[in-house]
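Visitor: Mind if we go through this one together? Show me the model and we'll start with whatever catches the eye.

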Amino acid sequence: MDEISKIFYEKGIAGHLREMISPDYHENRPIWETDPRFLNPEAQLPKVKTWAKMGERPCFPKQGLITIDAKPKQGKSFCAYAAMIPLLSGKPFGSITPNEKANLIICFDTEMSAISLQPRYRALRASAGGHCNNFLIVPLLATPRSERWKVIEEVTAQYNPGVIIIDHISKLVANYNDPAEASAVSEHLSALKASRTVFVIIHQNKSKEDTNMRGAVGSALNDDQCESYTAAKKNGVFSLTLKEARDTDSENAAPFIFAVAANEEKEVTSFIDASAILEESEQRQKEEWRKNFKALFGDDDLLRNYELVERIKSREGLEEGAAKK
């Protein structure tokens, strides 16, 4: 340190010491400067780190709980698997663009036998290319419920994956609606999510109109999650749509859309881009509209309202009230 710098450095220290011994210093000093239990409003906070972007929105925080819910048979598991493809390959898939590849992803499956899991495992490996040795599945169907958390925690501690998937949480509890079991689930997941991303798959409540995650366990997950998604399946196209995000903007969030290819035995062989299927469906819909308009209007340049209603009643077999709508 040169002489001038040394003088300024020493004066700076002296000035700071004078400030510290002044009567007003301790009286006015914020408590958070001396007690770390309090949040410092001026602290420089790190940015939330995520694995990828879905559209333009950062998605899949590297530390936290992510839920995927839906009614039965809506593709929750397929959505979880497909969303891992860009994290395994390091390449975009659908609307998901990875920031980096995951070191290891482990799926703990509580529903299917190894025989049932094999086709989707092979399909995932085929879709992600040569980067899939870092995706592992632990079948837990044959493991007693009382031992499943132990297996999940021991495997996670041993291999330290960046991402784990629990598919699904219902098989880890005896009663969805038991507050004590819900609290235990929350505690287990809190420890797991502290240093990694944890995806949890869960059913929605049974009522058709109720899209909340099921029972007391679902309420606990909703309180703990940092991102929540809903899975859906329509006309062979699967979608993963954001419901809520704690740390990113959820307005106009792009969904993740994909499809699956299958062999003659209807066994899934790969996860594929759904653009062509959506385009074909849109063209079919346009053609149906064209046919309907031609059948209803024919070559008439002018058609009165009551005449159009009569044609709709005749063509569609509707009552007058329904035809007018």
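**Strands, sheets and two residues**

Visitor: What's the bridge partner of I166 in β8?

Guide: For I166, the partner on β8 is V200. Before we go on, residues are numbered from 1 along each chain as its sequence is written. This is a predicted model, where local features need pLDDT of at least 70, side-chain atom pairs count only at pLDDT 80 or more and totals for chains, interfaces and linings use all residues, while side-chain values use heavy atoms, with hydrogens and water left out.

Visitor: OK. How many bridges join β7 to β8, and which way do they run?

Guide: There are five bridges, and the two strands run parallel. By strand I mean a DSSP E run of at least two residues, and by helix an H or I run of at least four, numbered from the N terminus. Two strands pair if DSSP finds at least two bridges between them.

Visitor: And how many bridges join β5 to β7?

Guide: Five again, with β5 (residues 105-109) parallel to β7. One bridge to look at is D109 with D167 of β7.

Visitor: How many residues of β7 are buried?

Guide: Five of the five, across residues 163-167, so β7 is largely enclosed by the rest of the structure. Buried is under 20% relative accessible area, exposed is over 50% and partly exposed is in between, with a 1.4 Å probe and protein chains only.

Visitor: Which β7 residues point which way?

Guide: V163, I165 and D167 point one way, I164 and I166 point the other, and all of them are buried. In general, side chains in a regular strand alternate between the two faces of the sheet.

Visitor: Switching topic. What's the order of the three strands in the open sheet?

Guide: The order is β2-β1-β4, and the pairing is antiparallel. At the edges you find β2 (57-61) and β4 (96-98), each with a single partner strand, so each has one side without a neighbour in the sheet. From one strand to the next, the twist averages 35°.

Visitor: How many bridges do β1 and β2 pair over?

Guide: Four, with β1 covering residues 50-54 and the sense antiparallel. If you want to find the register, A52 has C59 of β2 as its bridge partner.

Visitor: What packs on that sheet?

Guide: Helix α3 does, touching β1, β2 and β4, and its direction makes about 30° with that of β4. Angles run from 0 to 180 degrees between N-to-C directions, with axes as lines fitted to C-alpha atoms, for helices over the stretch in contact.

Visitor: Now S228. Which strand is it found in, and is it buried or exposed?

Guide: S228 is in β9, residues 227-234. S228 has a relative accessible area of 2%, so it counts as buried.

Visitor: What is S228 in contact with, leaving aside neighbours within four places in sequence?

Guide: The list for S228 is T67, D69, M213, T241, L242, K243 and E244. Contact means heavy atoms within 4.5 Å.

Visitor: Last one, A261. Where does it lie?

Guide: A261 lies in β11, residues 256-262. With a relative accessibility of 22%, A261 counts as partly exposed.

Visitor: What separates the C-alpha atoms of A261 and F271?

Guide: The separation is 6.3 Å, for two residues ten apart along the chain. Without its neighbours within four places in sequence, A261 is in contact with E267, V268, T269, S270 and I272.
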